[in-house]
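Dear colleague,

Please find below the structure that I am handing over to you. My notes on it come directly after.

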Amino acid sequence: MLSAPFEYAAPESLEEALDLFGGQPNARLLAGGQSLIPTLKLRLDRPPLLIDLRKLEELRYVRSEDGKTAIGALTTYRDLARSDALTGGARCLAQAAAAVGDLQVRNLGTIGGSLAHADPSADLPAAALALECTIVARSKGGERTIEASDFFRGLWTTALEPGEILSEVRFALPAGSGGAYEKLRHSASGFALVGAAAVLEMNGETCRSARVALTGVSGAPLRLPAVEERLAGQAITEDLVREACAGAGDAIDSPQSDSSASAEYRRAMANVFARRAILRAAA
Ligand SMILES: Cc1cc2nc3c(=O)[nH]c(=O)nc-3n(C[C@H](O)[C@H](O)[C@H](O)COP(=O)(O)OP(=O)(O)OC[C@H]3O[C@@H](n4cnc5c(N)ncnc54)[C@H](O)[C@@H]3O)c2cc1C
């Protein structure tokens, strides 16, 4: 099916894009198009204007210095998966990006588009939570920052306001952190039935602190505080991690249940994939 007609603009700068978006909040931003274009073609959305961000080279970067990392919104999954800057705990983001869809989707899809779209089965939101990312939103009125824990509000819903463009994702990690992402893929679509991201701050074999997050299991990604508390201050062993994750699935308040996977199966797989992500992060 073809999309409904729309006007099209391809601004040359973020300032120009913000002017256009501020004047037409019903417009849609086009980044990689990997979610937006199918939505338009199915006529689930009929925006009057598409603002194509793809000329904004100023939003394509991964910068890392002194444990602080900043990533431009138009950075693709491919660039994240291959980035030399995403080491230690940040590996969970690189691994989540490498686990997305197929080569074509990874070449085009962007971190900004993924987080702004907030698909409940998307991979990057779990990594954003585990990394305690700060999300930068720009508008004509200026800039504000939103913590990842406040950003995801439910199915395809975020804290972004009309006229705001997600411009950057930031996080800081202590030295000696490890990270990993593990995913149970839907056999047809490749989306996460369950995805688990883990970031551990390690001191030798002992875990100083842990952050573990799930995606694919409910309307929005979620942290697993009980698992994190059980690991903090402990030597990481397979037995400990198995015990800590035994109730991970029970922390999901309203688990998704559909023709692909029942709520019960998702809960059980949450235990397994949280455990795998933690052990890989600690390795
Ligand atoms: C075949 C296929 C398989 C896929 N498999 C997976 C998978 O396994 N895992 C996974 O996580 N995803 C998967 N996806 C979805 C893919 O990751 C999308 O790329 C992603 O959801 C959106 O990123 P995008 O850059 O393509 O954004 P677009 O599709 O261009 O935009 C998506 C939405 O975000 C908004 N938006 C985009 N950029 C910004 C911004 N900077 N600020 C504010 N709003 C913005 C747009 O207006 C739009 O509403 C798959 C997609 C396809 C087609």
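The notes below concern the ligand, its surroundings and the protein chain.

This is a predicted model, in which local features need pLDDT of at least 70, side-chain atom pairs count only at pLDDT 80 or more, and totals for chains, interfaces and linings use all residues. Residues are numbered from 1 along each chain as its sequence is written, and side-chain values use heavy atoms, with hydrogens and water left out.

The shell around the ligand (residues with a heavy atom within 4 Å of it) holds 29 residues, of which Leu29, Leu36, Tyr77, Thr110 and Asp123 come nearest. By type, the shell comprises 15 nonpolar, 12 polar (Gly among them) and 2 charged residues (Asp, Glu, Lys and Arg count as charged; Ala, Val, Leu, Ile, Met, Phe, Trp, Tyr, Cys and Pro as nonpolar; the others as polar).

Polar contacts are pairs of N or O atoms within 3.5 Å. Oxygen atoms of the ligand lie 2.9 Å from a polar backbone atom of Gly32, 2.8 Å from a backbone N or O atom of Gln34 and 3.4 Å from a polar backbone atom of Ser114. The protein covers 88% of the 970 Å² of accessible area (Shrake-Rupley method, 1.4 Å probe) that the ligand has on its own.

Strand 2 (28–30), helix 6 (111–117) and strand 10 (165–172) each give two or more residues to the shell; helix 6 gives the most, with 4 residues.

The protein chain has 11 helices (H or I, at least four residues) and 14 strands (E, at least two), taken as DSSP runs numbered from the N terminus. Its C-alpha trace spans about 60 × 45 × 30 Å along the principal axes.

Yours sincerely

Definitions and conventions: A polar contact is a pair of N or O atoms within 3.5 Å; within protein, one must be able to donate a hydrogen and the other to accept it, and residues adjacent in sequence count only if both atoms are side-chain atoms.
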